[in-house]
Amino acid sequence: MDHFLPNILVTGTPGTGKTTTSEMIAEKCGLEHINVGEIIKSNKFYGAYIEEFDTHELDEDKLLDELEEMLKDGGKVVDFHTCEIFPERWFDLVLVLRADTSCLYDRMVERGYKKAKIDENMSCEILQVVLETARESYAPEIVIELPSNTSDDLESNTDRAEQWLKAWKQNNER
Ligand code: DAT
């Protein structure tokens with residue numbers, strides 16, 4: 001996408017800290033946070049309900065149309081656990097957050113997730129499904145894996161995004 005500011009995708013297994021990190025990056029970098037889960041909910045971009053995972057199927061076409069419009073001018077931090085449904089051209093940087101299993105487990109219990117959903121997410125994180133999918137879906141040099149266990153991690157991840165944005169602006173001056 002040819003735009004004045006870049007778009008950043010923050011992805012990872014549910015509970016790895018996408019929303020927390022995206023909000024901080026957006027605030028520090030003067031970008032806009034887009035929580036894709038919230039957009040799906042508020043617009044009811046749903047297909048059928050899948051009881052086993054306590055979730056709904058996604059109406060991808062409607063979601064992508066909505067996001068295309070939102071991302072066209074750049075300057076967005078997009079937060080979603082699935083990264084392969086988006087066109088590659090949308091993003092200039094893809095951050096994949098990783099959490100240690102004990103950390104992730106505690107966060108999901110705190111959220112009140114059902115056992116099947118916790119099990120699914122734990123194996124997703126252990127098998128690093130999101131990281132590998134991100135590497136298959138985007139140019140490997142724009143995909144960065146970041147630990148997201150502690151508040152120090154949160155701070156250094158935000159600093160890193162800020163540095164990256166600074167460099168991007170210097171390289172894309174018009
Ligand atoms: P996600 O959007 O990936 O589902 P979240 O941002 O809602 O995750 O975070 C889940 C919980 O974990 C929430 O209580 C905040 C906490 N958390 C997130 N990132 C963290 C970090 N780097 N250090 C400590 N706690 C963190």
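User: What joins strand β6 to β7, and how do the two run?

Analyst: In this predicted model, five bridges join strand β6, residues 93-98, to β7, and the two strands run parallel. Within β7, Ile144 is the bridge partner of Leu95. Because two strands count as paired when at least two bridges are found between them, the five bridges of β6 and β7 qualify them as a pair.

User: In what order do the strands of the open sheet stand?

Analyst: The open sheet is formed by five strands in the order β2-β5-β1-β6-β7, with parallel pairing.

User: What makes β2 and β7 edge strands?

Analyst: Each of them, β2 (32-35) and β7 (143-147), has a single partner strand, so one side of each is left without a neighbour in the sheet. Neighbouring strands of this sheet are turned against each other by 20° on average, with direction ignored.

User: Which helices lie across these strands, and at what angles do they run?

Analyst: Helix α1, residues 18-29, lies across β1 (8-11), β2, β5 (76-79) and β6, and runs at about 175° to β5. Helix α6, residues 129-137, lies across β1, β6 and β7, and runs at about 165° to β6.

User: Why are α1 and α7 called oblique to each other?

Analyst: The axes of α1 and helix α7, residues 151-171, come within 9 Å and cross at roughly 45°. Since an angle under 35 degrees would count as roughly parallel and one of 65 to 115 as roughly perpendicular, the value of roughly 45° belongs to neither class, and α1 and α7 are therefore oblique. Their crossing is right-handed. On the α1 side the contact is made by Thr20, Thr21, Met24, Ile25, Lys28 and Cys29, and on the α7 side by Leu154, Asn157, Thr158, Ala161, Glu162 and Leu165. Sorted by class, this contact has six nonpolar, four polar and two charged residues.

User: What makes α4 roughly antiparallel to α5?

Analyst: Helix α4, residues 101-110, packs with α5 at an angle of about 155°, their axes being 10 Å apart. Because angles over 145 degrees count as roughly antiparallel, the angle of about 155° places α4 in that class relative to α5. The contact is made by Thr101, Leu104, Tyr105 and Met108 of α4 together with Ile118, Asn121, Met122, Glu125 and Ile126 of α5, and by class it has six nonpolar, two polar and one charged residues. The crossing in which α4 passes α5 is right-handed.

User: How do you know that the span of α5 agrees with its number of residues?

Analyst: Helix α5 covers residues 115-126, and at 1.5 Å a residue its 12 residues should span 16 Å; the end C-alpha atoms are 16 Å apart, which agrees. After α5 comes Gln128, whose phi is positive, near 45°.

Key. Residues are numbered from 1 along each chain as its sequence is written. This is a predicted model: local features need pLDDT of at least 70, side-chain atom pairs count only at pLDDT 80 or more; totals for chains, interfaces and linings use all residues. Helices (H or I, at least four residues) and strands (E, at least two) are DSSP runs, numbered from the N terminus. The expected span of a helix is 1.5 Å times one less than its number of residues. Axes are lines fitted to C-alpha atoms, for helices over the stretch in contact, and angles run from 0 to 180 degrees between N-to-C directions. Two residues are in contact if their C-beta atoms, placed from the backbone, lie within 7 Å. A crossing is left-handed if the near helix is turned anticlockwise from the far one by less than a right angle, and right-handed if clockwise. Ala, Val, Leu, Ile, Met, Phe, Trp, Tyr, Cys and Pro count as nonpolar, Asp, Glu, Lys and Arg as charged, and the others, Gly among them, as polar.
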